Amino acid sequence: GQGPSTTATTTSKKVFVVGYSQSNNAEPYRAQLNLQLEYFMKKYPDLKLLPITDAHQDSTTQVGHVQSFIAQHVDVLIVSPNEPAPLTAPIEQACAAHIPVIILDRSVNTDCYTSFIGGDNVLAGEKAGQEALQLLPNGGNVVELQGILSDQPQIDRDKGFRAAIAANPKIKIIASREAKWLKPNATTIMQQWLSQYPKIDLVYGQNDPMALGAYLAASGVGKASRMKFIGTDGLAIPDGGIRAVQQGQLAFTNIYPTCAQQAAEYAENIVHHQSVQHRLTLGITEVTPENAPALYKQYYLGS
Amino acid sequence: MKADLGNPAVQETSIPPSRRERLKRILAILGSLQGYIGLILIVGFGILSKGSIFWDGVNLTNAIGDFSSRGILAVGETLVILIAGIDLSVGSLLGFCSMTAALLLTTRGLNPIEIILISMIVGATFGFLNGFATSWLRIQSFIVTLAMLSIARGLDRQLSNNVSVGTQTVMANGQLTPNSSAFQLLGTPGHNLFTFTLPFVGQVGIYYPVLAFLVVCIIFQFILSRTRFGRHIYAVGGNPTAARLSGVNVTLITIAVFTLSGMLAGFAGPIDAAYSASADPLAGQSFELDAIAAAVIGGASLVGGKGTIIGTLVGALILTLLDNVMGLNAVSDNWQLVIKGLIVIVAVVLQRPGVFTSVLVYIRPIVTRIRSERRESPESE
Amino acid sequence: MKADLGNPAVQETSIPPSRRERLKRILAILGSLQGYIGLILIVGFGILSKGSIFWDGVNLTNAIGDFSSRGILAVGETLVILIAGIDLSVGSLLGFCSMTAALLLTTRGLNPIEIILISMIVGATFGFLNGFATSWLRIQSFIVTLAMLSIARGLDRQLSNNVSVGTQTVMANGQLTPNSSAFQLLGTPGHNLFTFTLPFVGQVGIYYPVLAFLVVCIIFQFILSRTRFGRHIYAVGGNPTAARLSGVNVTLITIAVFTLSGMLAGFAGPIDAAYSASADPLAGQSFELDAIAAAVIGGASLVGGKGTIIGTLVGALILTLLDNVMGLNAVSDNWQLVIKGLIVIVAVVLQRPGVFTSVLVYIRPIVTRIRSERRESPESE
Amino acid sequence: MNTIAGAGNNEVLPVSREDGKIPLLEMVKITKRFPGVQALNEVSLSIQAGEVRALLGENGAGKSTLMNILDGVFSEYGGEILIDGRTVSIHTPRDAQKLGIAMIHQELNLVPELSIADNIFLGRELRTNWGTLDRKRMRQETAALLAELDIVIPPDRPVRLLRLAEQQLIEVAKALSLKARILIMDEPTSALADAEVARLFRIIHRLSASGVAIFYISHRLEELLGLAHTVTVLRDGELIGTHQLTSVTRSDLIRMMVGRPLHEVFPKTEETSLPEQELLRVEHLSLNRREGESHRPLYDISFRLCAGEIIGLAGLMGAGRTEVLETIFGVYPRHRVSGNVYLKGKLLNARSPRQAIRHGLAFATEDRKSQSLITRLSVAFNITLAALKLFTSTTFINRKKEDVAVIESIHRLRIKTSQASTVVDTLSGGNQQKVVLAKCLLTQPQVILLDEPTRGIDVGAKAEIYELMSRLARSGIGIILVSSELLELLGMCDRILVLCEGSLTGEFRRGEVTQEMILEAATTQQVRVNASKHSI
Ligand SMILES: Nc1ncnc2c1ncn2[C@@H]1O[C@H](COP(=O)(O)OP(=O)(O)OP(=O)(O)O)[C@@H](O)[C@H]1O
Ligand SMILES: Nc1ncnc2c1ncn2[C@@H]1O[C@H](COP(=O)(O)OP(=O)(O)OP(=O)(O)O)[C@@H](O)[C@H]1O
Ligand SMILES: [Mg+2]
Ligand SMILES: [Mg+2]
């Protein structure tokens with residue numbers, strides 16, 4: 001129980017309606033965010049979370065969802081933008097309609113929102129890079145599995161990772177390809193790399209599923225023990241990164257914050273006119289085989 | 001006797017003629033509304049469940065505006081489907097053209113009209129290649145346009161270097177450049193072309209994507225029904241051999257239709273860019289499915305030769321308003337997928353001509369029986 | 001004289017008969033390889049550019065294994081295309097069935113064979129509904145299966161609560177459960193059904209996905225070409241009226257074909273889950289496009305009545321080996337899209353029957369002219 | 001004579017009832033309605049084993065509908081069907097097949113991509129003990145069937161490569177292979193030439209002798225003599241009467257069909273007296289073979305067509321008559337064609353049908369369903385498709401003008417359709433053919449190419465079409481008429497050209513020619529110099 005034990009007690013009987021527009025439910029990270037948000041929202045009896053809308057990774061759809069929340073005059077609007085630019089205009093519309101907006105994880109190109117809560121993708125990349133430096137003190141060959149190339153987290157994680165490993169010139173990125181955040185794609189690409197490059201020392205997957213997909217490919221040809229796998233996201237689900245670290249499949253991962261707990265807290269604060277930070281950047285928790293069991297217990301939501 | 005519907009064997013004489021006339025008139029009206037029944041039900045449900053929130057100028061404008069770039073693609077797609085082809089590349093072409101538009105705006109500083117024209121030319125060029133490969137190389141349009149889907153997307157991503165390009169260029173004083181500001185009129189939410197005040201109704205805004213979509217529909221409905229080119233399109237789709245022997249230049253029509261489809265994708269590109277205030281290298285992905293779905297739900301047959309733009313418009317409205325109504329009613333997302341699938345099937349079944357009359361054939365005897373029973377009981381009449 | 005090719009007006013007598021015979025034999029061989037030419041070129045390029053890295057048992061097994069679940073879908077898709085339908089739901093059905101499989105494994109602890117059977121039944125049920133709606137409600141299969149795509153995906157996501165389900169259940173001692181470990185044989189990379197050692201070749205592993213795909217191909221090629229049911233499928237696609245008038249039960253065939261397509265998606269589901277060692281709620285997304293593409297590249301006609309499973313196999317190999325070759329050659333992601341599009345078109349053009357001979361009609365006179373010129377110059381002969 | 005008095009009252013078959021024998025088949029009060037049309041109204045008839053029954057009636061009288069009901073094509077209808085005196089239920093073609101009913105449909109119903117053997121055995125494929133297809137036996141039996149019909153085509157050839165007449169023979173073979181007790185033939189000879197027709201008749205005689213009951217629908221009344229025993233006439237969905245063929249005359253039959261006496265002649269009686277003015281000149285026209293064809297479809301054809309002249313093209317099946325018209329009309333790519341076509345002295349050499357139409361040519365093809373009509377679209381759409389230019393002012397089609405023209409065409413050719421917007425598919429076969437002619441005439445051509453224009457057209461309408469042709473000729477239009485009915489050619493044409501295997505083998509003037517002379521020319525093979533050696 002790490003939730004805020006101080007349950008907000010308010011005099012008004014009113015129930016406040018919260019709408020949450022998710023960009024893509026079907027990413028494990030975002031699915032976890034949804035679950036957590038529902039979990040933490042339940043802790044505030046005066047907040048009612050409408051069914052979460054899913055834009056299926058399509059900005060146009062998400063604009064429609066945001067607009068429909070505006071039409072319903074929700075009391076708080078939470079948005080995880082699929083893309084900054086397309087969502088800017090509807091968030092300005094919400095602002096014009098005096099609806100408080102909490103932006104999660106990805107920014108928008110306007111300041112007209114109540115609060116932004118997010119992690120730092122460059123930092124996540126850097127942490128992965130620093131871990132790589134430690135795992136490969138004598139240098140080595142690194143391959144990188146990228147998310148959708150035009151996605152901002154991809155760009156930032158890539159930037160942070162490369163910046164960090166630049167500290168050791170003997171570490172070389174010998175290949176990088178787009179696996180679109182997906183596990184089977186990563187498996188396929190890794191298989192090709194394995195037949196192509198005799199020596200791969202470390203695999204950096206920009207999210208855990210890609211790192212695990214690469215792990216599957218490598219363990220299939222019995223090479224998994226000869227290389228290290230680093231992921232990002234660190235979800236506390238049975239199929240997630242923390243467990244994978246615990247089981248030794250991944251050498252390391254980051255818990256990239258889902259922001260759900262803070263979002264629920266902020267929503268509560270906002271409806272009661274308490275002040276919130278305009279920008280809140282959350283830290284990154286490193287997951288190593290040592291702390292993995294504890295972290296899993298801490299973050300796991302299921303029974 | 002002649003215009004009589006349904007089963008002739010039933011005791012029709014038991015219904016008095018005046019009533020029969022009335023019944024017939026009601027049936028005729030129902031029959032003419034037949035093609036819209038799916039749409040009517042969705043709108044009706046929207047109004048019933050959400051009242052003025054749904055039936056509100058802004059909400060409807062938003063809903064149609066969201067779909068309008070896909071709607072414009074659907075018009076081009078309808079033409080292609082009419083000649084028994086399919087165009088899977090429209091989504092990618094829209095993506096490429098929205099990127100072109102954004103780059104023309106930010107790097108060349110062109111004005112929206114120039115951008116639209118160039119974008120249409122770019123789209124038409126791709127479309128021409130589709131048509132050329134389909135008709136000259138005689139490859140199935142499915143393969144040609146699937147290849148083009150891949151090619152255009154690759155070029156789009158290469159052109160943009162995988163980074164989305166914002167369309168809001170700011171001058172030194174922090175204001176948007178005039179062209180960038182004008183570009184917003186092409187679809188950035190909340191930016192109307194112009195607004196005016198109507199008595200009773202209040203302020204009305206004309207939102208470019210909606211206007212553009214409707215105008216495209218009108219123009220192409222006109223072309224299809226009132227020009228030789230339109231007739232030839234139907235002929236090519238209905239029977240290419242017969243069309244050729246009737247003096248139709250089948251190759252030319254094929255190329256023209258694919259070119260138009262590409263051109264419309266080019267026309268929709270800037271709208272999409274303005275709507276998102278940026279061109280995403282992934283913009284338009286899987287829009288082709290929506291475009292095809294709108295056409296097919298609207299009655300176009302993939303075998304060719306059958307379909308109208310009005311039908312496609314209805315199909316597009318069904319798709320977008322269904323999403324809107326479900327969104328307003330806060331249906332959970334996973335169930336939305338399920339419900340959407342079911343409703344699309346129901347809508348298509350309902351708007352098939354003759355569903356009512358064929359249902360009536362079964363219902364009629366029952367109705368008649370009930371009536372005659374009523375007549376026998378004393379309280380009636 | 002009779003089997004003579006091309007323009008009869010050219011002085012054919014100038015080529016001595018023995019040479020002509022040889023030419024003819026070469027042409028005949030080329031002609032019979034015609035349908036494989038695209039594939040041969042890709043393989044050839046792979047060998048030339050990457051030699052033994054490409055032409056390596058493990059690499060080829062991997063490449064085919066990666067595609068095999070889509071390949072199995074393509075077999076079902078071919079049947080549907082043969083009856084002039086289309087099945088857009090196969091990707092979603094695969095996703096649903098892979099989730100079913102993972103849940104059966106983790107929550108019920110069933111063994112792989114039970115899982116495969118149940119998954120096939122589940123898939124077949126969805127497929128039956130597709131077939132039912134297509135034939136009884138007489139809705140175009142495009143709409144029906146598009147709706148099913150949406151419905152099955154929604155159910156899949158609801159079932160899994162949007163979270164992927166891992167298939168590697170661990171016992172108290174940290175080892176995989178027997179069923180979970182057996183499940184790996186269904187496709188987890190590196191887990192062969194069995195391995196044996198061949199002289200000269202060395203160790204050979206039989207990888208279930210590849211085996212399953214090939215066996216499915218063989219079974220369905222046999223069904224299509226050697227059974228009454230297969231013949232009826234071609235007839236329904238080629239001319240449904242004629243089929244009906246000849247006593248073929250068109251409705252039954254339609255339902256059976258969609259059911260089989262769903263069943264094959266159910267068969268592929270566990271493979272996909274085993275491949276990723278987890279069932280992702282998005283698994284199988286847009287696989288339908290790959291499946292259709294494989295069938296169509298392999299020569300199936302969307303108009304119906306034309307296509308073979310062998311063709312589909314060739315189409316599937318073209319798609320997967322092309323990706324593999326480009327990947328091994330480290331072609332950049334964006335250019336891969338462009339090149340893939342172009343090569344697919346080239347492959348389709350090349351493997352059309354008669355391309356060589358029709359090219360020959362144009363080339364022949366030129367060749368002849370060159371020969372006769374050579375003959376006139378002293379150094380020849 | 002007085003047998004006609006029976007017309008109108010549904011007096012069913014005195015023939016069979018007198019014997020007291022139970023008829024093989026009885027159809028009782030068959031009623032069928034389509035939207036807007038009463039296709040059949042309480043039609044009853046019966047047939048004995050071994051009987052050949054001719055079924056006559058105008059286009060749209062309901063002949064095909066009646067037979068389709070018997071073959072299970074329509075699942076819903078009123079009335080009852082009895083076989084051997086027992087009520088049977090026929091609602092699908094399969095039901096009919098099981099009861100020993102086979103039908104050759106008016107429109108071809110073959111699967112183009114499948115081979116001849118596959119088509120013939122479709123729906124009842126032979127199987128080995130393993131349950132797999134017994135392809136060898138099917139091929140053998142197909143070969144035997146084809147041999148019976150004197151068709152020399154390999155059983156493996158896909159049907160799509162066959163010409164129309166060949167396809168029609170395949171349909172015949174298919175129906176024969178069913179070994180049915182009741183065989184229905186709906187205009188089986190409409191695309192066949194005399195030699196094939198004679199062969200078919202021999203087979204009908206043999207079947208009839210072996211006890212098969214045969215329904216035979218045809219608009220060629222002359223065929224019926226010596227073929228049919230009895231005749232049933234339908235008009236507007238009503239049964240008019242059934243008679244012994246020997247007891248009625250041709251004009252009786254026509255009166256029963258049309259409802260009024262019809263003076264039936266070929267109206268083109270005298271040669272046109274227009275001043276000789278050349279319209280079309282064809283010089284050394286050849287059509288080169290395509291890949292895989294064994295011989296050239298056309299070889300060195302030359303002739304002239306003058307204004308007001310009607311030229312007939314005669315020949316056996318596959319002689320290349322259709323190709324002559326197609327080549328003139330620009331259907332083939334130019335590289336396959338050599339020789340020249342001049343229109344009014346100017347080189348035409350049409351590269352496409354479009355160009356030919358623009359220069360005033362019109363072409364009614366022999367295969368209406370696959371080449372002339374867009375059957376899923378309306379009558380009006382089809383009629384005006386080739387002539388839209390006439391109704392187009394600048395860009396838009398003037399719908400009023402178009403409607404007027406359509407209505408006029410429908411009246412002129414007496415197309416039986418409830419509305420101009422009716423889908424062509426639902427018209428009767430003959431009325432579809434009339435739509436083809438209407439479309440052709442609307443382009444206001446100078447030269448009309450007619451390929452079997454009266455295929456499937458009833459006597460009354462035929463007379464009207466002959467009349468129309470004469471009128472067109474008198475107004476200075478040139479017509480080339482391809483027909484397999486020699487009488488039609490003899491009656492209508494000023495000159496008859498005879499083709500054999502793609503070469504001209506005879507030319508006859510009107511009045512100086514007999515059927516025998518044409519037949520002889522049609523079978524004279526020209527000694528053709530080997531093409532490949534000759535031309536350099
Ligand atoms: N499927 C259908 N739908 C609607 N009407 C039809 C259909 N089939 C036939 N009809 C109508 O039924 C009537 C009888 O048609 P039928 O084909 O039986 O005539 P027919 O005697 O065979 O004529 P023909 O000699 O021209 O072949 C016609 O008016 C025709 O338009
Ligand atoms: N598409 C084709 N495929 C195969 N063979 C063809 C084709 N077109 C024409 N032929 C061949 O050309 C020759 C002449 O054709 P066609 O049957 O049209 O002559 P015709 O005199 O018009 O015959 P019909 O009596 O059928 O009108 C035939 O031997 C035929 O086999
Ligand atoms: Mg008929
Ligand atoms: Mg002919």
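**Ligand sites, metal ions and buried elements of the complex**

In this predicted model, an oxygen atom of ligand 1 lies 2.9 Å from a polar backbone atom of D:Thr426. Two side chains of chain D also make polar contacts with ligand 1: an N or O atom in the side chain of D:Lys63 is 2.8 Å from an oxygen atom of the ligand, and a polar side-chain atom of D:Ser428 is 2.7 Å from an oxygen atom of ligand 1. Taken alone, ligand 1 would expose 630 Å², and the protein buries 87% of that area. The shell around ligand 1 comprises 19 residues, of which D:Gly60, D:Ser64, D:Thr65, D:Ser428 and D:Gly430 come nearest. When these residues are sorted by class, 11 are polar, five are nonpolar and three are charged. At least two residues of the shell are supplied by each of strand E2 (37-47), H2 and helix H15 (429-442) of chain D, and H2(D) gives the most, with three residues.

D:Ser64, one of the residues that come nearest to ligand 1, also takes part in a metal site. The magnesium ion designated ligand 3 is coordinated by the OG atom of D:Ser64 and the OE1 atom of D:Gln106, at 1.9 to 2.1 Å. D:Ser64 belongs to helix H2 (residues 63-70) of chain D, whereas D:Gln106 sits in the loop between strand E6 (101-104) and helix H4 (116-120) of chain D, so the pair ties together parts that are 42 residues apart in sequence. Both coordinating residues, D:Ser64 and D:Gln106, are buried.

Ligand 2 is likewise surrounded by residues of chain D, including D:Arg163, D:Gly320, D:Arg321, D:Thr322 and D:Glu323, which come nearest among the 13 residues around this ligand. A polar side-chain atom of D:Arg163 is placed 2.5 Å from an oxygen atom of ligand 2, while a backbone N or O atom of D:Ala319 is 3.0 Å from an oxygen atom of the ligand. A nitrogen atom of ligand 2 is also involved, lying 3.3 Å from a backbone N or O atom of D:Leu161. On its own, ligand 2 has 610 Å² of accessible area, and 82% of this is covered by the protein. The shell around ligand 2 consists of five nonpolar, three polar and five charged residues, and H10(D) gives the most to this shell, with three residues.

The second magnesium site shares a residue with the surroundings of ligand 2, since D:Thr322 is one of the residues that come nearest to ligand 2. The protein donors of the magnesium ion designated ligand 4 are the OG1 atom of D:Thr322 and an OE atom of D:Glu366, lying 1.7 to 2.7 Å from the ion. Distant parts of the chain are linked by this pair, with D:Thr322 in helix H10 (residues 321-328) and D:Glu366 in the loop between strand E16 (361-364) and helix H12 (368-372) of chain D, 44 residues apart. D:Thr322 and D:Glu366 are both buried.

At the level of whole chains, five pairs are in contact, and among these pairs chains B and C share the most contacts. Chains A and D, by contrast, do not touch, and their nearest C-alpha atoms are 38 Å apart.

Chain C contains a helix that is covered from two chains. Helix H9 (residues 228-238) of chain C is largely enclosed by the rest of the structure, because eight of its 11 residues are buried. These buried residues are C:Gly230, C:Arg231, C:His232, C:Ile233, C:Tyr234, C:Ala235, C:Val236 and C:Gly237. The cover over them includes helix H3 (57-82), helix H8 (208-226), H10 and H11 of chain C, together with H4 and helix H5 (135-148) of chain D.

Two loop residues were examined individually. C:Ser246 is located in the loop between helix H10 (240-245) and helix H11 (250-276) of chain C, and it counts as buried because its relative accessible area is 3%, where the cut-off is under 20%. A polar atom of the C:Ser246 side chain is 2.8 Å from the backbone oxygen of C:Ala242. Apart from neighbours within four places in sequence, C:Ser246 is in contact with D:Gln97, D:Leu122, D:Gly123 and D:Lys174. B:Asn111, found in the loop between helix H4 (90-108) and helix H5 (112-135) of chain B, is partly exposed, with a relative accessible area of 28%. Although B:Asn111 and B:Gln184 are 73 residues apart in sequence, their C-alpha atoms are 11 Å apart in space.

Technical notes:
Residues numbered from 1 in each chain as written. Chains lettered and ligands numbered in written order. Predicted model: local features only at pLDDT ≥ 70, side-chain atom pairs only at ≥ 80, totals over all residues. Heavy atoms only, no water. Contact = heavy atoms within 4.5 Å. Donors = N, O, S within 2.8 Å, 3.2 Å for Na, K, Ca; no water. Helix = DSSP H or I, 4+ residues; strand = E, 2+ residues; numbered from the N terminus. Buried < 20%, exposed > 50% of the residue type's maximum accessible area, 1.4 Å probe, protein only. Near = heavy atom within 4 Å. Polar contact = N/O pair within 3.5 Å; in protein donor to acceptor, adjacent residues only side chain to side chain. Areas by Shrake-Rupley, 256 points an atom, 1.4 Å probe, with all protein chains shown as cover. Nonpolar A, V, L, I, M, F, W, Y, C, P; charged D, E, K, R; others polar.
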